[in-house]
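Trainee: I'm new to this one, could you walk me through it?
Mentor: Of course, let us put it on the screen and start from there.

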Amino acid sequence: MADDPLRVIHAFPGFGEALRDDFSRAFPGRELVVWSDGDEFARGIAEAQVLLALHPPRGHWGRARRLRLIQI
């Protein structure tokens, strides 16, 4: 799975931490990266390909050129 472009899943806000154990069981071999605030979101959105987000911050979507899936 090393060449899998969707190996890393990003989550915002920190609700992803509460899901980490369930996520690991449901998606073995995938990494969950949790952004806890808007600054982390802004710094990382350019690299994200899959995003789980309840209320993502506005104004950063122009940099989300690699984003393939967003689940809100």
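**A walk through the model**

Mentor: Let me begin with a pair of charged residues: in this predicted model, Arg7 and Glu31 form a salt bridge, and their closest N and O atoms are 3.4 Å apart.

Trainee: Where do Arg7 and Glu31 sit in the chain?

Mentor: Arg7 belongs to the segment before strand 1, whereas Glu31 is in strand 2 (residues 31-34), so the pair ties together parts that are 24 residues apart in sequence.

Trainee: And is Arg7 buried or exposed?

Mentor: Arg7 falls in between, because its relative accessibility is 28%, which counts as partly exposed. Glu31 is partly exposed as well, with a relative accessible area of 35%.

Trainee: How many salt bridges are there in the whole structure?

Mentor: A search of the whole structure finds three. Another joins the side chains of Asp22 and Arg25, at 2.4 Å from N to O, and both of these residues lie in helix 1, three residues apart, which is about one turn of the helix. Asp22 is partly exposed at 44% relative accessible area, while Arg25 is exposed at 59%.

Trainee: Which residue does Arg66 pair with?

Mentor: The side chain of Arg66 meets that of Glu47 in a salt bridge, with 2.7 Å from N to O. This pair links distant parts of the chain, 19 residues apart, since Arg66 is in the loop between strand 3 (50-53) and strand 4, and Glu47 is in the loop between helix 2 (38-44) and strand 3.

Trainee: Stepping back, what pattern does the protein follow along the sequence?

Mentor: There are two helices and four strands, and read along the sequence they give β-α-β-α-β-β. The radius of gyration is 12 Å, close to the 11 Å that the globule rule gives for 72 residues, so the protein is as compact as a globular protein of that length. Its C-alpha atoms fill a box of roughly 35 × 25 × 20 Å along the principal axes.

Trainee: What about the inside, which residues make up the largest nonpolar core?

Mentor: That core has eight residues in all, namely Phe12, Trp35, Phe41, Ile45, Ala48, Leu51, Ala53 and Ala64. Apart from it lies another core, of six residues, among them Ile9, Ala11, Val34 and Val50. As background, nonpolar side chains in soluble globular proteins tend to be buried together.

Trainee: What does Leu51 touch?

Mentor: Setting aside residues up to four places away in sequence, Leu51 touches several residues, including Phe12, Trp35, Phe41 and Ile45, and also Trp61 and Ile70.

Trainee: Is any nonpolar stuff left on the outside, and which residues form the patch on the surface?

Mentor: Trp61, Ile70 and Ile72 form a nonpolar patch there, and together they have about 280 Å² of accessible area. Ile70 is in strand 4 (residues 69-71), and its relative accessible area of 34% makes it partly exposed. For the protein as a whole, the accessible surface comes to about 4700 Å², of which 53% belongs to carbon and sulfur atoms.

Trainee: One last thing, which peptide bond is cis?

Mentor: The bond from Phe12 to Pro13 is cis, with omega near -10 degrees, and Pro13 lies in the loop between strand 1 (8-12) and helix 1 (15-26). For context, most peptide bonds are trans.

Terms used: Residues are numbered from 1 along each chain as its sequence is written. This is a predicted model: local features need pLDDT of at least 70, side-chain atom pairs count only at pLDDT 80 or more; totals for chains, interfaces and linings use all residues. Side-chain values use heavy atoms; hydrogens and water are left out. Patches are made of residues with over 30% relative accessible area and no salt bridge: like charges are joined within 9 Å, nonpolar side chains (Val, Leu, Ile, Met, Phe, Trp, Tyr) within 5 Å. Accessible areas come from the Shrake-Rupley method with a 1.4 Å probe; for residues, only the protein chains shown count as cover. A salt bridge is a side-chain nitrogen of Lys or Arg within 4 Å of a carboxyl oxygen of Asp or Glu. Buried means under 20% relative accessible area, exposed over 50%, partly exposed in between (1.4 Å probe, protein chains only). The radius of gyration is taken over C-alpha atoms; the globule rule is 2.2 Å times the number of residues to the power 0.38. A nonpolar core is a set of buried Ala, Val, Leu, Ile, Met, Phe, Trp, Tyr and Cys residues joined through side-chain atoms within 4.5 Å. Contact means heavy atoms within 4.5 Å.
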